[in-house]
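Let's take a walk through this structure together, starting with one residue and working outwards.

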Amino acid sequence: MLPTVEYYALKRRAKNAGLSLAEISRQAVTGARIVPRLSQEESGLITDLNRIGNNLNQLARATHTEGFAQASIKYGDLADEIDEFTKRIRNDGKNHKR
C-alpha cells in the first residue's frame, strides 16, 4: 500500500501520461520511461511542421522538374511560412515548461 502522498503523485503522473493507474504502475515496475503526453499546442506544432515538410518535398520536386527560377516564383511564400513557424517554436520554448 502506498502512502497517500505517493498515491496521488502516481495518479497525477498517470493522468499526465494519459494512462490508467494500473498501466502506469505496470510500467513503473518494469522500468519503462513514463513521459507526459503532448499538449494540444505541441500537437498543433507537430501538425504544422508535418505540413511544412510536405510543402518542402513538393518544392523540391517542382524545383527538379520546373527549374529553380520558376519554382522560386511559384513557392516564394513558403520561406515566410517557415520563418513564422520557427518564431512560434522559439517563443514557445521561452514561455512553456514541461
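Start at Tyr7, which sits in helix α1 (residues 4–17). A helix here is a DSSP run of H or I with at least four residues, a strand is a run of E with at least two, and both are numbered from the N terminus. Before going on, bear in mind that this is a predicted model, where local features need pLDDT of at least 70, side-chain atom pairs count only at pLDDT 80 or more, and totals for chains, interfaces and linings use all residues. Residues are numbered from 1 along each chain as its sequence is written, and side-chain values use heavy atoms, leaving out hydrogens and water.

Is Tyr7 buried or exposed? Tyr7 falls in between: it's partly exposed, with a relative accessible area of 31%. (Buried means under 20% relative accessible area, exposed means over 50%, and partly exposed is what lies in between, using a 1.4 Å probe and protein chains only.) Tyr7 also has company, as it forms a nonpolar surface patch with Leu2 and Tyr8, and together they have about 290 Å² of accessible area. For such a patch, residues need over 30% relative accessible area and no salt bridge; nonpolar side chains (Val, Leu, Ile, Met, Phe, Trp, Tyr) are joined within 5 Å, and like charges within 9 Å. A salt bridge is a side-chain nitrogen of Lys or Arg within 4 Å of a carboxyl oxygen of Asp or Glu. The areas come from the Shrake-Rupley method with a 1.4 Å probe, and for residues only the protein chains shown count as cover.

Now step back to the whole protein. There are five helices and zero strands. The radius of gyration is 22 Å, well over the 13 Å that the globule rule gives for 98 residues, so the protein is more spread out than a compact globule. That radius is taken over C-alpha atoms, and the rule is 2.2 Å times the number of residues to the power 0.38. Along its principal axes, the C-alpha trace spans about 70 × 30 × 15 Å. Of the 98 residues, 15% count as buried.

Next, look at helix α3 (residues 40–66), whose 27 residues reach 38 Å from first C-alpha to last, close to the 39 Å expected at 1.5 Å a residue. That expected span is 1.5 Å times one less than the number of residues. The buried residues of α3 are Glu42, Leu45, Asp48, Ile52 and Ala62. After α3 comes Gly67, with a positive phi near 95°.

Finally, Ala79 lies in helix α5 (residues 77–95) and is partly exposed, at 44% relative accessible area.
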